[in-house]
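This report describes selected features of one protein model for a reader at the bench. Please keep the sequence and the coordinates at hand while reading.

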Amino acid sequence: MDSSARNVEHTVNSAAFPRQFARTRRFSLGVPRQFTVSPDGSRVLFVRTGSGTDPVGRLWQYEDGKEQLLADPALLVGNGSGEVPEEERLRRERARERSVGVVSYATDDAARLVAFALSGALWAVRTDGGAPFSVPAAGPVVDPRPSPDGRHVAYVSRRCLHVVDLSGADRQLARAEGPDVSYGLAEYVAAESTHRMRGYWWAPDSRHLLVARVDTAPVERRYTSDPADPTKPPRAVPYPAAGTPNAEVTVQLHSLEGGRIDVQWDRGAYEYLVAAGWDAQGPFVTVQSRDQRILRTLRVDPATGATELLHERTDPAWVEIVHGTPARTASGALVLPEDDGDTRYLTVGGRRVTPRGLQLCEVLGVEGEQVLFTASEDPLETHVWRHEPGRGNRRLSRGPGRFTGVGRGGTVVLAGVTPRGDEARVLREPAAGAGTGTGTGTGTGTDQDAPYQVIRSLAEEPSVTPRPRHLTLGERQLCGALFLPSWHTEGTGKLPVLLDPYGGPGMQLVGRARGWFTCVSQWFAEQGFAVLVVDGRGTPNRGPAWEKTIHGDQLTPALEDQIDALRAAAARCGDLDLARVAIRGWSFGGFLAAGAVLHHPEVFHAAVAGAPPTDMRMYDTHWKERFLGHPDEQPENYARCSLTGHGHLLSRPLLLVHGLADDNVAAAHTLRFSAELLAAGRPHSVLPLPGATHLPADDAVNEQLLFFQRDFLRDALGLGTSAS
């Protein structure tokens, strides 16, 4: 292909990308997800939409290399015309759900009965044959979950917990005593900050449940409305801002016969319910202190509700919550993380079973004495591992990428984002005694040659192909990725630079994987920028010491790392024009972008800040107090990190973008900051998005938003019209 043909192809693909990005919901549609493996490992359940642009989720079963459609909402009577309950809408929003139809499901222990909700109606299907069938319910259904024996389905309706048998006999186990009380739902802090999305757990005997009761009466109310439709009344949202009261969360033991026992612990000292469960050893809860420096795992006596300390973790900064822990093996050994210096270890029964430098990310499950977990040897990759006594640790995922998984009965589903995009592989593990494990307690090996099958992804292939150059930058060995235009020949001219980070705790953008964000970075590169993405201090998978360098100050280290990486990248690639540097980001990345032009206008010449938290006191208790402490005790941390109070420093072009229905980072963050800028006589631009939440869902908005940012940045840097 000659250069003129390549230029035409580049122009067409670059112009088409924003629309494709929007209608594929960030290339998430058509990707198989939410896997469940049957006890014998022979069957895999999953959800997948019909194509890369079809938003309707369907339930599938994979067996013997073949796929079977179990539930298609389009074929079910009354499938989706009803109203989605408010609690379910919030659950989907918290989970960043971008599809409709069957978006989640739960099964009994045998993975034979599947329950799911469609527009508030309760549906079930048996995996061994037969069509889906509706189950009469008392009202709009949220989070249905079958009992382990498959005889009952529990669900939440109008904040009350119900249990129904498949004949339709319904009983209300827990009734909400008032409008502020709910049973069986995760409160705001749990869903947004501790990643506990559930509010009730079945006992193995299928006769009892462990249930969270939430009372939001003490919590401040925020009122969100749609300014584009002033006829709609505002919606009250309980939002616990930093330094204000949290919801009161307690736990109860319920029996199907109607008995109820309160679980007892010192709520004054430990007000956060981080995790809970009920396994063969009985019920347990994990609770955390308000300052997050103590995390306790408690055994619960099912007869009395009394608790006994099983384990305690402490840290002078904060105790990091590792998803999937605590867990227990069949023998009762506790599965927990342990932080020591620069490594987060996996421990089983109080003994470290992973080596130094292998960073535990998440515990995926326990079967017998085996533990399935994700861990990172290299910050650019995350892999699935299995620990088994006598065989050590074996890496199960193959090749570069970021993987997670689920396993049972000798089968593991490995779902990951690789350099080729999203993939899902079904791996049948070798029998005991085979494979390449070292056999030592902390040893590592791989099952690179084990056979696997692929569950098809129907996602669209991006019209823009990311071309990242991975770099290790500066004294702190920062992980970076540089994206140059495909049409650019190095050494032929200077390119304006666009930093495109997230840069905060909880998320990595740099890796050997083709995620949607790498496609967006490459698209901006095709518009004429050299795009640099950097993961700085505080980002995951580089160990506890790295994460906690931001304790007390989330802004200064993050900005220092972006600046150091920029200068180091320019030293490596002479085509970067440091006289024309912009930065863009969303959420924490938006905060970082706005902070960059406020505090370092000598480096950054323009910024786009999407949904930026500008006032740290206005963000939620658990997340913000983790890093900055209580605002009444350490107000200087909040003043240092907030953008408000520093608006007079702005001297560069700044575009603020915010959804007016955002109940995570309220639009008030941007509106108040804009008012401060105006009062200080600092010109800036504001793009409000009516009806949009923290992640805008409207396809047209998401398409045009990319063009709008591009044009703003090109104009701000004096680049004239767009490159394509």
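Arg 145 touches Ala 106, His 152, Val 153, Ala 154, Arg 198, Tyr 200 and Trp 202, when residues up to four places away in sequence are not counted. The model in which these contacts occur is a predicted one.

**Strands β10 and β6**

Arg 145 belongs to strand β10, which covers residues 142-146. Is Arg 145 buried or exposed? Its relative accessibility is 17%, and because buried means under 20%, Arg 145 counts as buried. The C-alpha atom of Arg 145 is separated by 8.2 Å from that of Val 114, and the two residues are 31 residues apart along the chain.

Val 114 also appears among the contacts of Thr 107, a residue of strand β6 (residues 106-107). With neighbours within four places in sequence left aside, Thr 107 is in contact with Thr 36, Leu 45, Leu 113, Val 114 and Pro 146. Thr 107 has a relative accessibility of 18% and therefore counts as buried.

**Backbone features in loops**

Most residues other than glycine have a negative phi, and most peptide bonds are trans. Two residues other than glycine with a positive phi are Arg 26 and Gln 292. The table sets out their values.

| Residue | Phi | Loop | Relative accessibility |
|---|---|---|---|
| Arg 26 | near 60 degrees | between α1 (3-23) and β1 (33-37) | 18% |
| Gln 292 | near 65 degrees | between β22 (282-288) and β23 (294-300) | 0% |

At these accessibilities, Arg 26 counts as buried, and Gln 292 counts as buried as well.

Which two residues does a cis peptide bond join? The bond lies between Thr 325 and Pro 326, with omega at about 0 degrees. Pro 326 is placed in the loop between β24 (307-314) and β25 (327-328).

**The crossing of α4 and α11**

Helix α4 comprises residues 516-526 and helix α11 residues 699-716; their axes come within 11 Å and cross at roughly 45 degrees. That angle makes α4 oblique to α11. The crossing of the two helices is right-handed. On the α4 side, the contact is made by Val 520, Trp 523 and Phe 524, while α11 contributes Leu 706, Phe 707, Gln 709, Arg 710 and Leu 713. By character, the residues of this contact divide into six nonpolar, one polar and one charged.

**The protein as a whole**

How many helices and strands does the secondary structure of the protein come to? The totals are eleven helices and 45 strands. The radius of gyration of the protein is 25 Å, close to the 27 Å that the globule rule gives for 724 residues, so the protein is as compact as a globular protein of that length. Along the principal axes, the C-alpha trace spans about 75 × 55 × 55 Å.

Of the 724 residues, 58% count as buried; Arg 145, Thr 107, Arg 26 and Gln 292 are among them. Contacts between residues distant along the chain can also be expressed as a share: of those joining residues at least 6 apart in sequence, 61% join residues at least 24 apart.

Definitions and conventions:
Residues numbered from 1 in each chain as written. Predicted model: local features only at pLDDT ≥ 70, side-chain atom pairs only at ≥ 80, totals over all residues. Heavy atoms only, no water. Axes fitted to C-alpha atoms, helices over the stretch in contact; angles between N-to-C directions. Helix = DSSP H or I, 4+ residues; strand = E, 2+ residues; numbered from the N terminus. Parallel < 35°, antiparallel > 145°, perpendicular 65-115°, else oblique. Left-handed = near helix turned anticlockwise from the far one by under 90°. Contact = heavy atoms within 4.5 Å. Nonpolar A, V, L, I, M, F, W, Y, C, P; charged D, E, K, R; others polar. Rg over C-alpha atoms; globule rule 2.2 N^0.38 Å. Buried < 20%, exposed > 50% of the residue type's maximum accessible area, 1.4 Å probe, protein only.
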